[in-house]
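Student: I am new to this structure and would like to learn how its descriptions are justified. Could we go through them together, term by term?

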Amino acid sequence: MKSRFLSPRVIALGGLVTFAATIYTFSSSEYAFRLSNWSSSIFSERQRGSCSPEAWSDGKWMYHKHSNLTEMTKPEQSLEFSGLGGCAADREFFWHLGSDHEEMWDRFPDVTSYEWQPSYHCDARPLDGAAMVKDMVEKGGWMLLGDSITENHFFSLSCLLWPHVRATPNYTENPYFDRAWPQNLYLSPTTPLLSELQLPEGFSVESTPLVTFRRVDLLMSADDLTNLYRSSILPGDQEGQDPSTMRGNASLFSDEATWSMSPAEYMPKFLQLLPDANYGTLVVSTGGHWTTTLMSAFRDEAAGEDAGYGIQGVLAFFKEAMRTWAGQVQEALDQYRRDGGKMQKQVVVRAYLPGHDNCHNIKSPWTSIIPFPVKYYNWPWIDDFNTRFQALLANPEFPDIFYLPIERPGRLRPDAHAAGDCLHIMTGTGVLEGWSHYIWHFVTREVGGRIR
């Protein structure tokens, strides 16, 4: 059995330091031996480094092939093209890797042959799954909340952290598990990292998750949002009129499918103690399902396509809802500390990423973001959702909730979408992997160790 192993190598160029990856192929026993020796040296390097989200995003895509293969002849080769040894998660495996449509195999190897190079102002350590696992065990794991784009992110993480993690549930055995059920990554009992790790007291290799994904499209439940809608004063309301009287029992939502939960349900799960959980970071993202088709109370056919059929009403409500959400989340964190919680915990909001028109006819990254030629879904207004969320979280009222505007690398990759649509992102193209890389840097280097 052969395994592929990425070893970071530091190269000095004109006083700047960049990182390259050298690919080795060797047997599984050699893999374990070299991994143990290499991880010991990497783990001893605790340079702080600094890289703001803006410095990370102010970069460019550089061509870098991971394989000598020149064409795809079977879907399994997508892993080699991506420089990945395997993936722990198995839900829609080849869909996530973009190799489920044979007629689009000609995208390889180029689609997986780019790496994001941040600006020279960004001093972040190289992406390394073994070091990420160590930090997740010793400093706290991640809970991911969001829609199917966040599920893309979870799958990619399962590949970055492979072979050190195992995933549940097993969708190969039962592909009909509900997509709203939690998906987890646990420390693998066979990982050669075990001797390197300082397991927290009470940590269970069997039952303490390192990463959990939950499908939460809106960050608040339908009941939460309906009650807020009926009580909020929004732009356009008649002055002096009670919203509850004006809206009565009017329905906010259409019958369009959506999955969501209340902070009252998921914050206690995030704050659970060992051995049930050991989360340090809650990663959330939302925006894609805030539409006038789902929130049909705001739908205005007369406004027309250019005005998003009433999307400004959704945006105003989004701002109100996220203020309520942030207040509830911050209060839960404050209460955790009042109750004696000692572990550092933070929430990071990843800027939402819109899709790209005509994505499958674009074969390489852009160097600048091209405006939307047509107005699909709510994509042209995603920047407005992101801007409102970022402005809200700049408020010192929410000291433990951080906004990460790191969507630009993804905005420059119309070629990186799944084979079946122009919204979802392939694992292995560097977009999802870049999210993990920066979030890992941010929580361990930018906010790690701070004192409140």
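Student: What volume does the largest cavity have, and what makes a space a cavity?

Tutor: This is a predicted model, in which local features need pLDDT of at least 70, side-chain atom pairs count only at pLDDT 80 or more, and totals for chains, interfaces and linings use all residues. Residues are numbered from 1 along each chain as its sequence is written, and side-chain values use heavy atoms, with hydrogens and water left out. The largest cavity has a volume of about 50 Å³, and a cavity is a set of points, on a 1 Å grid over the protein atoms alone, where a 1.4 Å probe fits but cannot get out. The count comes to 1 cavity of 30 Å³ or more.

Student: Why is the lining of the largest cavity described as having no charged residues?

Tutor: Lining residues have an atom within 4 Å of a point, and those of the largest cavity include Trp56, Trp61, Trp116 and Trp435. Charged covers Asp, Glu, Lys and Arg, nonpolar covers Ala, Val, Leu, Ile, Met, Phe, Trp, Tyr, Cys and Pro, and the others, Gly among them, are polar, so the lining divides into 7 nonpolar, 3 polar and no charged residues. Helix H13 (431–446) gives the most to this lining, with 3 residues.

Student: What makes helix H5 (residues 129–139) mostly covered?

Tutor: A helix is a DSSP run (H or I, at least four residues), and a residue is buried when its relative accessible area is under 20%, with a 1.4 Å probe and protein chains only. Because 9 of the 11 residues of H5 meet that limit, the helix is called mostly covered; among the buried ones are Lys134 and Asp135.

Conventions: Buried means under 20% relative accessible area, exposed over 50%, partly exposed in between (1.4 Å probe, protein chains only). Helices (H or I, at least four residues) and strands (E, at least two) are DSSP runs, numbered from the N terminus. On a 1 Å grid over the protein atoms alone, a cavity is a set of points where a 1.4 Å probe fits but cannot get out, and a pocket is an open set with protein on both sides within 12 Å along at least five of seven lines; lining residues have an atom within 4 Å of a point. Grid points are joined across faces, edges and corners, and a volume is the space filled by probe spheres set on the points.
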